[in-house]
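Here are a few exercises to work through with the model on your screen. Try each task before you read its solution.

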Amino acid sequence: MSVRTQTPQPTQRSDHRAGFACFVGRPNAGKSTLTNALVGKKVAITSNRPQTTRHTVRGIVHRPDAQLILVDTPGLHKPRTLLGERLNDVVRATWAEVDVIGFCLPADQKIGPGDRFIAKELASIKKAPKVAIVTKTDLVDSKALAEQLIAIDQLAKELGFQWQEIVPVSAVGEKQVDLLADLLVPLLPEGPALYPEGDLTDEPEQVMVAELIREAALEGVRDELPHSIAVVVEEMLPREGRPADKPLLDIHANVFIERSSQKGIIIGPKGKRLKDVGIKSRKQIEALLGTPVFLDLHVKVAKDWQRDPKQLRRLGF
């Protein structure tokens with residue numbers, strides 16, 4: 001078992017590398033938080049709710065010797081809706097195209113059926129090297145971490161494959177995040193940069209804005225509601241007649257839920273909850289876009305959209 005806890009020696013090779021790394025794992029394994037930590041800026045939404053990520057977000061890490069493009073997929077799970085089936089299809093299609101796969105397993109949770117299900121699928125992928133990433137190490141002591149490392153090594157042996165590396169990290173504590181990048185880069189193919197310097201993601205701005213609104217809407221709602229929330233940005237336009245030194249971007253967005261009874265949960269008493277969602281997401285959007293924003297939010301019902309192919313297409317899935 002090769003467990004990396006020290007920074008490797010700098011490579012003597014001058015060849016530039018560029019390629020794609022995919023983070024996989026069951027829902028809430030820390031994939032989005034790790035993506036943001038590596039990129040150094042928020043490009044993927046995070047939440048303590050499972051199934052937060054719905055779009056494949058590419059975060060781009062620029063280094064003198066390499067460009068590492070991170071693909072953050074939804075958590076692979078047993079689907080209960082058409083949306084769930086489509087999210088799983090996105091995961092499998094991504095696995096087939098990337099140069100290296102990072103399997104995220106939380107340090108504070110024992111390996112379960114969901115982890116074994118994903119590891120079994122990974123075992124069938126011969127092309128891409130597989131790195132085990134032990135996330136959330138800040139939540140456990142050294143004894144528990146050691147036990148988890150041994151269990152993860154044993155998991156691969158049971159399924160007939162070997163991890164290229166096993167790397168413990170804490171994205172929140174910023175521990176060994178740079179080391180992880182150092183270990184992923186040599187697994188990429190040699191080649192020029194695939195994106196311009198300074199680009200942090202190839203996700204369209206409207207999609208990122210919608211995701212930030214949905215992240216704010218996910219906080220503090222009932223357990224069953226997050227899967228029912230979708231956000232569509234209908235319009236993003238500079239406010240006409242504003243002086244050049246005081247621009248304002250008008251954003252009009254709809255928050256969709258599946259049933260009329262859920263509307264009150266999102267809006268809250270006297271509209272307070274929706275107002276809080278707007279305030280929080282507006283701050284994040286302004287930080288992302290670098291300009292003042294006027295955010296206009298409306299809550300609409302798209303009946304049973306997770307199970308309706310037409311509604312899924314309309315909402316971008």
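**Warm-up**

Work out what share of the chain is buried, and what the chain is built from.

Step 1. Of the 317 residues in the chain, 50% count as buried. Keep in mind that this is a predicted model.

Step 2. Now for the building blocks: the chain has nine helices and nine strands.

Step 3. Turn to the outside. About 15600 Å² of the chain is exposed, and carbon and sulfur atoms supply 51% of that area.

Step 4. Finally, look at contacts with a separation of 6 or more: residues 24 or more positions apart account for 73% of them.

**Exercise: the cysteines**

Find out how many disulfides the structure holds, and explain why Cys-104 is not bonded to Cys-22.

Step 1. Count the disulfides, and you get zero. Cys-22, for one, is in no disulfide.

Step 2. Check the distance. The closest cysteine sulfur to that of Cys-104 sits in Cys-22, 9.2 Å away, so the gap is too far for a bond. To count as a disulfide, the two sulfur atoms would have to be within 2.5 Å.

Step 3. Are these two cysteines buried or exposed? Cys-22 has 0% relative accessibility, so it counts as buried. Cys-104 is buried too, with a relative accessible area of 0%.

**Exercise: two crossing helices**

Describe how helix α6 and helix α8 meet.

Step 1. Locate them: α6 covers residues 205-218 and α8 covers residues 272-289.

Step 2. Look at the geometry. The two axes come within 8 Å and cross at roughly 140°. The crossing of α6 past α8 is right-handed.

Step 3. Pick out the residues that touch. On the α6 side they include Met-208, Val-209, Leu-212 and Ile-213, and on the α8 side Val-277, Lys-280, Ile-285 and Leu-288 are among them.

Step 4. Sort the residues of this contact by type: 11 are nonpolar, two polar and three charged.

**Exercise: one residue in a strand**

Say where Ala-66 lies and which residues it touches.

Step 1. Ala-66 belongs to strand β3, which spans residues 66-72.

Step 2. Its relative accessibility is 1%; buried means under 20%, so Ala-66 counts as buried.

Step 3. Leave out residues up to four places away in sequence, and Ala-66 touches His-16, Arg-17, Val-61 and Val-185.

Step 4. Compare sequence with space: Ala-66 and Pro-192 are 126 residues apart along the chain, yet 8.2 Å separates their C-alpha atoms.

Notes. Residues are numbered from 1 along each chain as its sequence is written. This is a predicted model: local features need pLDDT of at least 70, side-chain atom pairs count only at pLDDT 80 or more; totals for chains, interfaces and linings use all residues. Side-chain values use heavy atoms; hydrogens and water are left out. Buried means under 20% relative accessible area, exposed over 50%, partly exposed in between (1.4 Å probe, protein chains only). Helices (H or I, at least four residues) and strands (E, at least two) are DSSP runs, numbered from the N terminus. Contact means heavy atoms within 4.5 Å. Accessible areas come from the Shrake-Rupley method with a 1.4 Å probe; for residues, only the protein chains shown count as cover. Axes are lines fitted to C-alpha atoms, for helices over the stretch in contact, and angles run from 0 to 180 degrees between N-to-C directions. A crossing is left-handed if the near helix is turned anticlockwise from the far one by less than a right angle, and right-handed if clockwise. Ala, Val, Leu, Ile, Met, Phe, Trp, Tyr, Cys and Pro count as nonpolar, Asp, Glu, Lys and Arg as charged, and the others, Gly among them, as polar.
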